[in-house]
Amino acid sequence: MRYTEERWMQLLGELYNSEEHSVEDEIEFNILNFLRSIRTIGGDFIDTPYRTQHFGALPMSFRKKAGQMIGLITVEVNDEMQRYVFNGEGYEKLEDLLKLG
């Protein structure tokens, strides 16, 4: 999914104006929020390492070494780990990418 400010704003409104929302919407919002902070701070994505933890209802980690073109996101959902890859432009579920092969 490509990062857009419009999608981030839409999810922000949905999550805070509704008591019911899906786990997928929460995951998407948290990832887009992280990508938004990367874009706000600026700098060279490839040269910047990331080692960030998000604590809350859905524990998440964002990891990337300096020099890497993509990073790894792990999300714990109901005692299962979901994995996503990200860059400065967006993210994809790792499982979906592996199906391409």
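**Figure 1. Tryptophan 8 and phenylalanine 29, two buried aromatic residues.** Buried here stands for under 20% relative accessible area, exposed for over 50%, and partly exposed for anything in between, with a 1.4 Å probe and protein chains only. The model is a predicted one, in which local features need pLDDT of at least 70 and side-chain atom pairs count only at pLDDT 80 or more, while totals for chains, interfaces and linings use all residues. Residues are numbered from 1 along each chain as its sequence is written, and side-chain values use heavy atoms, with hydrogens and water left out. Tryptophan 8 belongs to helix α1 (helices are DSSP runs of H or I with at least four residues, strands are runs of E with at least two, and both are numbered from the N terminus). Its relative accessible area is 9%, so tryptophan 8 counts as buried. Look next for leucine 35: 27 residues separate it from tryptophan 8 in sequence, while their C-alpha atoms are 9.9 Å apart in space.

**Figure 2. A stack between helices, and an edge-to-face pair elsewhere.** There are ten aromatic pairs in the structure (rings of Phe, Tyr and Trp, the last by its six-membered ring, with centres within 6.5 Å; planes under 30 degrees apart are stacked, over 60 edge-to-face and the rest tilted). One of them joins tryptophan 8 and phenylalanine 29, a stacked pair with 6.0 Å from centre to centre and 20 degrees between the planes. Since tryptophan 8 sits in helix α1 (residues 5-17) and phenylalanine 29 in helix α2 (residues 23-41), the pair ties together parts that are 21 residues apart in sequence. Phenylalanine 45 and phenylalanine 86 offer another geometry: their ring centres are 6.0 Å apart and their planes stand at 80 degrees, so this pair is edge-to-face. Phenylalanine 45 lies in the loop between α2 and β1 (50-54), and phenylalanine 86 in strand β4 (residues 80-87), so the contact ties together parts 41 residues apart in sequence. Both phenylalanine 45 and phenylalanine 86 are buried. Step back a little and you will find one aromatic cluster formed by Phe34, Phe45, Tyr50, Phe62 and Phe86.

**Figure 3. Two charged side chains over aromatic rings.** A charge sits over a ring if NZ of Lys or CZ of Arg is within 6 Å of the ring centre and within 35 degrees of the ring normal. Over the face of tryptophan 8 lies arginine 36, 3.9 Å from the ring centre. Phenylalanine 45 has a charge over its ring too: the charged end of lysine 64, at 4.9 Å from the centre.

**Figure 4. Salt bridges between helices α1 and α2.** The whole structure contains five salt bridges (a side-chain nitrogen of Lys or Arg within 4 Å of a carboxyl oxygen of Asp or Glu). Arginine 36 and glutamate 5 make one of them, with 3.0 Å between the closest N and O atoms. This pair links distant parts of the chain, from arginine 36 in helix α2 to glutamate 5 in helix α1, 31 residues apart. Arginine 36 is partly exposed, at 28% relative accessible area, and glutamate 5 is partly exposed as well, at 31%. A further salt bridge joins arginine 7 and glutamate 28, at 2.9 Å from N to O. That pair also spans distant parts of the chain, with arginine 7 in helix α1 and glutamate 28 in helix α2, 21 residues apart. Glutamate 28 has 8% relative accessibility and so counts as buried.

**Figure 5. A salt-bridge network around Arg39.** Glutamate 89 and arginine 39 form a salt bridge whose closest N and O atoms are 3.7 Å apart. Glutamate 89 is in the loop between β4 and β5 (90-93) and arginine 39 in helix α2, so placed that the pair links distant parts of the chain, 50 residues apart. Partly exposed describes glutamate 89, at 38% relative accessible area, and arginine 39, at 41%. Together with Arg2, these two residues, Arg39 and Glu89, are linked in a network of salt bridges.

**Figure 6. A nonpolar patch on the surface.** Ile46, Met69 and Ile70 make up this patch, with about 300 Å² of accessible area together (Shrake-Rupley method, 1.4 Å probe, for residues only the protein chains shown count as cover). Patches take residues with over 30% relative accessible area and no salt bridge, joining like charges within 9 Å and nonpolar side chains (Val, Leu, Ile, Met, Phe, Trp, Tyr) within 5 Å. Methionine 69 sits in the loop between β2 (60-64) and β3 (71-77). With a relative accessible area of 61%, methionine 69 is exposed.
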